[in-house]
Each structure stands twice: as C-alpha cells, then as structure tokens.
Amino acid sequence: MTEAAISISNLSKTYAGGKKALDDVTFDVKRGEIFGLLGPNGAGKSTLINILSGMVSKSGGKASIWGFDIDQDHRNAKASIGIVPQEIMFDPFFTPSESLEVVAGLYGIKKADRRTMELLRAVHLEDKAHAYSRTLSGGMKRRLLVAKAMVHSPPILVLDEPTAGVDIELRQQLWEYVQQLNNAGVTIVLTTHYLEEAENLCDRIAIINHGKLIALKDTSEMVEMAREKLVELTLDRDISEESKVVTFAHEEFEKAEIVGPRTLAITYNKDKANAGGVMRAVQKQGFEIVDVTTREADLEDVFLNLTRAKAA
Ligand SMILES: Nc1ncnc2c1ncn2[C@@H]1O[C@H](COP(=O)(O)OP(=O)(O)OP(=O)(O)O)[C@@H](O)[C@H]1O
C-alpha cells in the first residue's frame, strides 16, 4: 500500500482569540511507522492531534486519515484512528471492563467481536478488570486509556504525551505494548517531551515550534545532526573582549564563546576537527590551558538549536 497513514497539507489553525496554533503544516505519516511529534509546550502538537480526532476544527488546509478525508469522510477517518488523550478523563463509577464495553458499544462492535479482556491483559490491567476506575493509579488510568483507544482496532494509534506522570517501569511496559502493536502492523504517532524515548522508539521525528514544522527526518539523521562536540577550556588569564572575535575565530570551529573571564566554550564538528586541534589553536594564541571539559551533543541539543534558531 502506498497511501500514507496520515496526510496533512497546509494545515492551519487560528483560535477564536486570534492565537495561531498551526501555520501551514504539511507532512505525511507512513503506514507502519512509529512517528514522533516533538515540540516545546504550546508548539501546536495537541491542536494538530485534536484536529485529527475531530475535537478541534481546522482553519485551513486538508487532512486525511488512512486515505479518508476528515471533512468528506469523517466517519471512516474517525474509525481509522485511536487517540490516547493527554488528559485523563474518566467516569469514576465504571470498572475498566465496563469502560471498554461502553466504548465498544459506541463503535457498534458486536458482543462476540469484543476484545475486552484481551485488551486489559495487554495493558497489564487484567486483575483490575472489575475495580472502580477511581481506585486506579495514574499509570493504570493511562494504560486503560490506551486500551480504550484500541477497542475498535484502528490501524493508527496516536498517543499524546502518554508517559507524562508515569513511572519508569510502567513507561517501559507501555512502550513494550506500543512496540507490540507496531510489530502487528499498527501505525503509531506519539508526542513526547522525552527526547530519549523518541530516539529509541521512533522511525522518524518531526519537530514543530510556534505552529510550524521546522524539521522532519529519520531518527538516525536527526541524531546525526548531533555531530557537534563542545569543549570548554579554562585559560591561565583573562580573555579580553577583542580577542573573542580576533583571536578565536578559526575555520575548524563552529562557534567560540567566552563564557567566563577565563573560560572559553568552543563547539566543533566531529567530522572536521578534534579536541587536540582545538587546544593547539588556542595555545598558538599564547594562552596556557589549565582545565578542559568536553561534552557530546545529543538529540536535546539538536532540538534546542532548532527551536531556538527559529524562535527569533
Ligand atoms: N482552545 C484554545 N483557545 C485559544 N488558544 C488555544 C486553545 N488551545 C490551545 N491554544 C493555544 O495554541 C497554542 C498551541 O497549543 P497546543 O496545546 O496545541 O500546544 P502543544 O504543543 O500541544 O503544547 P503542550 O505540550 O503544552 O500540550 C498555544 O499557544 C495554546 O495556548
């Protein structure tokens, strides 16, 4: 199948108060992939997901889910996606088993075709099947939300910040289940603040900031962008203002910054330079180096660089 799982083109949203939450966003999510949607708070991630789920109306552009246009073929589009919302909303008087049965009823799934216990088992809530929802822990409630989103067996599962407030062990279990679903062919879209999670789980990562798509790459390429290395040198005497520009400009350096009276932070590309070369270049200017620290850039640096660069 060549058609995208989700296709978004020129999608825009301006809220009633005039806030532009999405600004001409275009991208596809491929069938079968795990796609990460990353961005700082208020970037527009939830708005995008809420448009797909039909909870927010778009101001412009188009979106289709599993080939179904969200305006023209709303029912099929909705049936093709399961959404785990960011906020936990529950009827406290239903048990997990009843909650899933109610959702199955809403989707018109016949009793014989329902998978209530199978889903509860998958999210490790089998033993809580008949407990009141209000007695579940935060992590359990979140896992129940995942089960609810999968009741109608959609080909796409969207998780909006699914691990916020979930402890490490439960997070691990949740990801194992998500991975199992993906292995079984379910396309996964997730938003997360945990870059490490995105790095480990996602095939591709999109970064949005201020409502605009600023990067979309294979995860490995995104990580490749973290080729920068940082070396911080403490020198034997104060560095004058003028020497910042004149003395430390060097073709091998991406950036040289004075971060303290005697401390110089130099960023370089691992493909073009090494720490030894950086230190020699500084020593050539007549400084003694009294201390050195180095640090590898990671996905977080890439993310910060991208979001900072476009923030201006
Ligand atoms: N109903 C609304 N009315 C007006 N403005 C809104 C509404 N919902 C969201 N916004 C604004 O739109 C922008 C995008 O919000 P959105 O919730 O989509 O971001 P987000 O990336 O999901 O952030 P977070 O990670 O904090 O959930 C923000 O500036 C937000 O304040």
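The following exchange takes up Arg204, the ligand shell and the domains of a predicted model.

User: How are residues numbered, and what thresholds apply to this model?
Analyst: Numbering runs from 1 along each chain as its sequence is written. Since the model is predicted, local features need pLDDT of at least 70 and side-chain atom pairs count only at pLDDT 80 or more, while totals for chains, interfaces and linings use all residues.

User: Why does Arg204 count as buried?
Analyst: A residue is buried if 20 or more other C-beta atoms, placed from the backbone, lie within 10 Å of its own, exposed if 12 or fewer, and partly exposed in between. Arg204 has 21 such neighbours inside 10 Å and therefore counts as buried.

User: What makes Lys217 a contact of Arg204?
Analyst: Two residues are in contact if their C-beta atoms, placed from the backbone, lie within 7 Å. Leaving aside residues up to four places away in sequence, Arg204 touches Lys217, and also Glu33, Phe35, Leu216, Asp218 and Thr219. The C-alpha atoms of Arg204 and Lys217 are 5.6 Å apart, with their positions 13 residues apart in sequence.

User: Which residues surround the ligand, among them those of the glycine kind?
Analyst: A residue is near a molecule if its C-beta atom, placed from the backbone, lies within 6 Å of it. The residues around the ligand include Gly17, Gly39, Gly42 and Gly44, as well as Lys19 and Lys45.

User: Where do the bounds of the domains lie?
Analyst: The bounds come from an automatic or database domain assignment, which gives domain 1 (6-224) and domain 2 (228-296). Their centres, taken over C-alpha atoms, are separated by 45 Å.
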